[in-house]
Amino acid sequence: MFMHNKRLQYTVRVAEPNPALASLLLEQFGGPDGELAAAMRYFTQGLGELDPGRKDLLLDIATEELSHLEVIGSIVAMLNQGVKAQLSEAAMEEADLYMAINSGGNSHTQSLLYGGGPALTNSSGVPWTAAYVDTKGDPTCDLRSNIAAESRAKVVYERLINITDDPGIKEALGFLMTREIAHQKSFEKALYAIENNFPSGKLPGIERFANVYVNSSQGDGDVEGPWNSGDQWDRIDDLDKAAAMDGGDGTAAVKLDKATKTVADNLATRTASDTGADPQTGADLGAGPGAGLVSGDDKGGAKDIKDAAKMADAM
Ligand code: MN
Ligand code: MN
C-alpha cells in the first residue's frame, strides 16, 4: 500500500514566479527521463520481480521517484502560482495577462490548459506516455536500462541547474540530480550481483558470430580500438565475407504451396518491367528549361542554385 507524508523529500524554496522556467522543468515531471517515467519503470519491474532483494530495491526506488515527482511538481506549481492566480481571477489587463502567460517555452499551454498546475507533459507539451517505460521483465536487461535511465535523468537535471539562477531551485535540483547518481550505483550493484549477467536472457550466443566485428563503414575515418580490434575480435574488413556470414548465398527464400506460388508468379508477371522500352512520359511531354535530358531533346539546366534562381526569375 502507499501512504502519503505531507512533508516533501526536499524543502522547496522558490524565489519568484517564472512560468518559462516552470515549462522547462516539466521535462523532469512528465518527460521521457522524468520522475513519473522512472517511478512507473521501477514499479512495474518490482511487481514482476521474483528475487526478493531486487523486488525490495525496485519498490524502494519507485516510491522515492514518486517523492521526486512531488518535489519537481511542487517547484513547477510555485513558479506558476502568480500567473495561475492572475489568470483565474482575471486580475490583470488583457494585454498584461497575455504577456504573462506567453513568457516563453510551453508556458501558455500550461496556463491555459492546465491552469498553472504541473501537467503530465514534457517541456514541449507532449503528453506523458507509458511508451517511455521499456521494462522487458528480464532482470539484466532491465537493470542495464535503469542504469542508462538514471544517467539520462542526471544529465537533464544538470542542464536544468545550469539554466536557473534561483538558489532554492538550484539546491533542490542538485538534490534530485544526486539521488539519480545514488540510484545508478544501486542498479549497477544489483546487476553485478547476478552471476552470469551477460548476455541478457538465457540462450547463449552462437560462438562463430559472437566475436566478429564487421567493419561495415569503410574509408577515411576508420579507427581501431579495443571495441573492434585485438585478441577478442575477428575483424571482417573484406565485406564480401560479411554477406552472407552463414556461408550461404545470402538470398531470401520461402516455400509456398503450389496454388500460392502460381498467384505470386502471376503478380510478378503482371507488374514486370520492360527493360527494352523507352516510353514517352508526362515528364518528357511537359519538359521546360532545367529538365535536363528528356526523350530526344536536351532542355539544359542551371550551373548552380544561384543560376537556377536567375533562370526562374527570367521565366
Ligand atoms: Mn528521481
Ligand atoms: Mn532515480
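Which protein donors hold the manganese ion (ligand 1), and how far from it do they lie? Here are my notes, starting with that site; please keep in mind that this is a predicted model.

1. **The first manganese site.** The donors of the manganese ion (ligand 1) are Glu 35, which appears twice through OE atoms, Glu 65 (OE), His 68 (ND1) and Glu 180 (OE), at 2.1 to 2.6 Å. Read along the chain, these donors have the spacing E-x29-E-x2-H-x111-E.

2. **The second manganese site.** For the manganese ion (ligand 2), the coordinating residues are Glu 65 (OE), Glu 150 (OE, listed twice), Glu 180 (OE) and His 183 (ND1), with distances of 2.0 to 2.5 Å. The sequence spacing here is E-x84-E-x29-E-x2-H.

3. **The bridge.** The two ions should be looked at together. Glu 65 coordinates both the manganese ion (ligand 1) and the manganese ion (ligand 2), and the ions are 3.6 Å apart. Glu 180 deserves a look too: this residue is listed as an OE donor to ligand 1 and also as an OE donor to ligand 2.

4. **Helices that supply the donors.** Helix 4 carries Glu 65 and His 68, which sit three residues apart, or about one turn of the helix. Both of these residues are buried. In helix 8 (residues 167-192), Glu 180 and His 183 are separated by about one helical turn because they are three residues apart. Glu 180 has a relative accessible area of 2%, so this residue is buried. His 183 also counts as buried, with 2% relative accessibility.

5. **Another residue of helix 4.** Leu 79 belongs to helix 4, which spans residues 52-89. Its relative accessibility is 0%, and therefore Leu 79 counts as buried. Leaving aside residues up to four places away in sequence, Leu 79 touches Val 14, Glu 16, Pro 17, Asn 18, Pro 19, Leu 21, Ala 22, Leu 25 and Ile 169. For a sense of scale, the C-alpha atoms of Leu 79 and Gly 288 are 60 Å apart in space, with these positions 209 residues apart in sequence numbering.

6. **Aromatic pairs.** The count comes to five aromatic pairs. One of them joins Tyr 42 and Phe 187, whose ring centres are 4.8 Å apart with 50 degrees between the planes, a tilted arrangement. This pair links distant parts of the chain: Tyr 42 lies in helix 3 (residues 35-48) and Phe 187 in helix 8, 145 residues apart. Tyr 42 and Phe 187 are both buried. Another pair is Trp 128 with Tyr 132, which is edge-to-face because the planes meet at 85 degrees, with the centres 6.2 Å apart. Trp 128 is partly exposed, at 21% relative accessibility, whereas Tyr 132 is buried, at 18%. The boundary for buried is under 20%, so you may want to read those two labels alongside their percentages.

7. **A nonpolar patch on the surface.** Which residues make the nonpolar surface patch of about 340 Å²? They are Leu 112, Leu 113 and Tyr 114. Leu 113 is part of helix 6, which covers residues 107-114. With 62% relative accessibility, Leu 113 counts as exposed.

Methods
Residues numbered from 1 in each chain as written. Chains lettered and ligands numbered in written order. Predicted model: local features only at pLDDT ≥ 70, side-chain atom pairs only at ≥ 80, totals over all residues. Heavy atoms only, no water. Helix = DSSP H or I, 4+ residues; strand = E, 2+ residues; numbered from the N terminus. Buried < 20%, exposed > 50% of the residue type's maximum accessible area, 1.4 Å probe, protein only. Contact = heavy atoms within 4.5 Å. Donors = N, O, S within 2.8 Å, 3.2 Å for Na, K, Ca; no water. Patch = residues over 30% accessible without salt bridge, like charges linked within 9 Å, V, L, I, M, F, W, Y side chains within 5 Å. Areas by Shrake-Rupley, 256 points an atom, 1.4 Å probe, with all protein chains shown as cover. Salt bridge = Lys/Arg side-chain N within 4 Å of Asp/Glu carboxyl O. Phe/Tyr/Trp six-rings, centres within 6.5 Å; stacked < 30°, edge-to-face > 60°.
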